[in-house]
Amino acid sequence: MRGTLLILALVLSLCGCGVIPGPAARPAGHPTPAPVASPPSGATPSGSAAPTPSAAKAGLTIPQAGQAVRQWVAKYDAMLETRKWWRQNALLEALFVEGALHQGVLERNHESFGWKPGHKPIHLIGAPKVYLPRPERQPPIGEWFIAQATYKDTKGHARPHVLAFFRAPGRPFKLAVATPIHWGRRMPAPLLDADGYITDMDDAVARAVAEEYQNFWNNEKKEGASGYRLAKDSFSRKAFPAVNKGMYVAFAGHGSVFGFRTADGGSFFLFAMVNDPKSVNQVLSEALMVPKGSKTIQELGADWFS
């Protein structure tokens with residue numbers, strides 16, 4: 001698939017918020033048909049030379065993506081100063097898409113319970129690290145990239161976070177998913193092509209991993225039915241028993257899966273799981289890795305927002 005971006009179900013409209021750019025909506029939990037996969041970055045037809053930057057489709061550069069992160073953060077921090085920003089649909093639609101868009105709805109829930117907002121300003125520490133696909137590998141519906149940025153979490157601890165941004169043609173970048181990296185974990189080194197771009201992930205593995213997480217959290221199927229299993233020390237294994245005792249609502253599906261192949265031949269994936277739009281109660285963001293030749297999903301980061 002072009003752009004290392006697997007666009008799956010959940011094209012949602014949330015309580016007056018705008019619709020996510022992408023394919024037509026399908027029943028929650030059922031993936032949209034994926035286009036035929038493109039050759040991995042660096043693979044070219046026999047006798048053909050790999051594209052050079054001058055011959056490639058002009059597109060987003062790594063410095064531009066880094067600047068886009070900083071611009072988004074500035075807009076985000078300004079939004080948090082707006083009174084009851086979670087009820088300002090124009091502000092939400094300008095900054096969020098997919099799973100991240102639900103966070104405005106969840107803050108409305110906080111307000112109804114008399115709770116304080118769960119969002120805090122972001123103060124970047126150092127320059128973001130960008131993971132960017134080749135311009136010609138971007139999907140027809142827009143451009144995306146993954147960024148690793150260090151800033152304080154909701155408890156005030158400085159830690160690395162991983163974020164995915166997407167923009168439709170001619171529009172600013174919006175946040176699709178974000179999560180802090182677990183203590184003691186770190187992002188894997190990506191497999192880069194000769195020009196420094198990330199290499200396409202395995203779409204079949206991406207689908208299976210996302211399916212396994214939905215199966216686990218919803219107790220829908222026997223564990224491992226997807227062909228993959230969660231690692232024994234994963235955040236989800238520890239969190240589910242406690243979460244399931246509260247106001248838990250099963251996940252209807254997930255948004256786009258962002259990812260790349262790792263330098264050691266494994267796979268990295270980033271996506272958000274969300275409820276049906278009529279009963280939004282939580283968003284679970286996941287940063288995952290599957291080592292080469294393994295069927296175990298290593299959880300690098302996760303963020304439960306409810």
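Begin by selecting Trp72, Tyr76, Phe96, Phe145, Phe165 and Phe173, which ring pairs link into a cluster. As you look at these side chains, keep in mind that the model is a predicted one.

**Aromatic pairs**

The cluster introduces a theme that can be followed elsewhere, since a search of the whole structure finds 22 aromatic pairs. Select tyrosine 131 and phenylalanine 260 next, and you will see a stacked aromatic pair, with 5.2 Å from centre to centre and 10° between the planes. This pair links distant parts of the chain, for tyrosine 131 belongs to strand β2 (residues 129-131) and phenylalanine 260 to strand β8 (residues 257-261), 129 residues apart. Tyrosine 131 has a relative accessible area of 2% and is therefore buried, and phenylalanine 260, with a relative accessible area of 0%, is buried as well.

Now move to tyrosine 213 and phenylalanine 271, an aromatic pair that is edge-to-face, with 6.5 Å from centre to centre and 80° between the planes. Here too the pair links distant parts of the chain: tyrosine 213 is found in helix α4 (residues 203-218) and phenylalanine 271 in strand β9 (residues 267-274), 58 residues apart. Tyrosine 213 counts as buried because its relative accessibility is 0%, and phenylalanine 271 counts as buried at 0% relative accessibility.

Keep tyrosine 213 on the screen and add serine 234, which lies in the loop between β6 (229-230) and α5 (235-243). If neighbours within four places in sequence are left aside, which residues is serine 234 in contact with? They are Tyr213 and Glu299. Serine 234 is itself buried, because its relative accessibility is 2% and the cut-off for buried is under 20%.

**Helix α3 and its end**

Select residues 102-113 to show helix α3, and, if your viewer allows it, check the distance between the end C-alpha atoms: at 1.5 Å a residue the 12 residues should span 16 Å, and the ends are 17 Å apart, which agrees. Colour the buried residues of this helix, namely His102, Gln103, Gly104, Val105, Leu106, Glu107, Arg108 and His110. What do the buried residues of α3 pack against? Their partners are α2 (89-95), β9, β10 (283-290) and β11 (296-305), and of these, β9 is the strand that you have already visited through phenylalanine 271.

Follow the chain out of the helix to glycine 114, which comes after α3 and has a positive phi, near 80°. Phenylalanine 113, on the other hand, lies in helix α3 and counts as partly exposed, because its relative accessibility is 45%. Add Trp115 and Met247 to your selection, and you will have a nonpolar patch on the surface, formed by these two residues with Phe113 and having about 370 Å² of accessible area together.

**Two loop residues with positive phi**

For the last stops, select lysine 84, in the loop between α1 (62-80) and α2, and then glutamate 98, in the loop between α2 and α3. Lysine 84 is not a glycine, yet it has a positive phi of about 50°, and glutamate 98, although not a glycine, has a positive phi of about 55°. Is each of them buried or partly exposed? Lysine 84 is partly exposed, with a relative accessible area of 32%, whereas glutamate 98 counts as buried, because its relative accessibility is 11%.

Technical notes:
Residues numbered from 1 in each chain as written. Predicted model: local features only at pLDDT ≥ 70, side-chain atom pairs only at ≥ 80, totals over all residues. Heavy atoms only, no water. Phe/Tyr/Trp six-rings, centres within 6.5 Å; stacked < 30°, edge-to-face > 60°. Helix = DSSP H or I, 4+ residues; strand = E, 2+ residues; numbered from the N terminus. Buried < 20%, exposed > 50% of the residue type's maximum accessible area, 1.4 Å probe, protein only. Expected span 1.5 Å × (residues − 1). Contact = heavy atoms within 4.5 Å. Patch = residues over 30% accessible without salt bridge, like charges linked within 9 Å, V, L, I, M, F, W, Y side chains within 5 Å. Areas by Shrake-Rupley, 256 points an atom, 1.4 Å probe, with all protein chains shown as cover. Salt bridge = Lys/Arg side-chain N within 4 Å of Asp/Glu carboxyl O.
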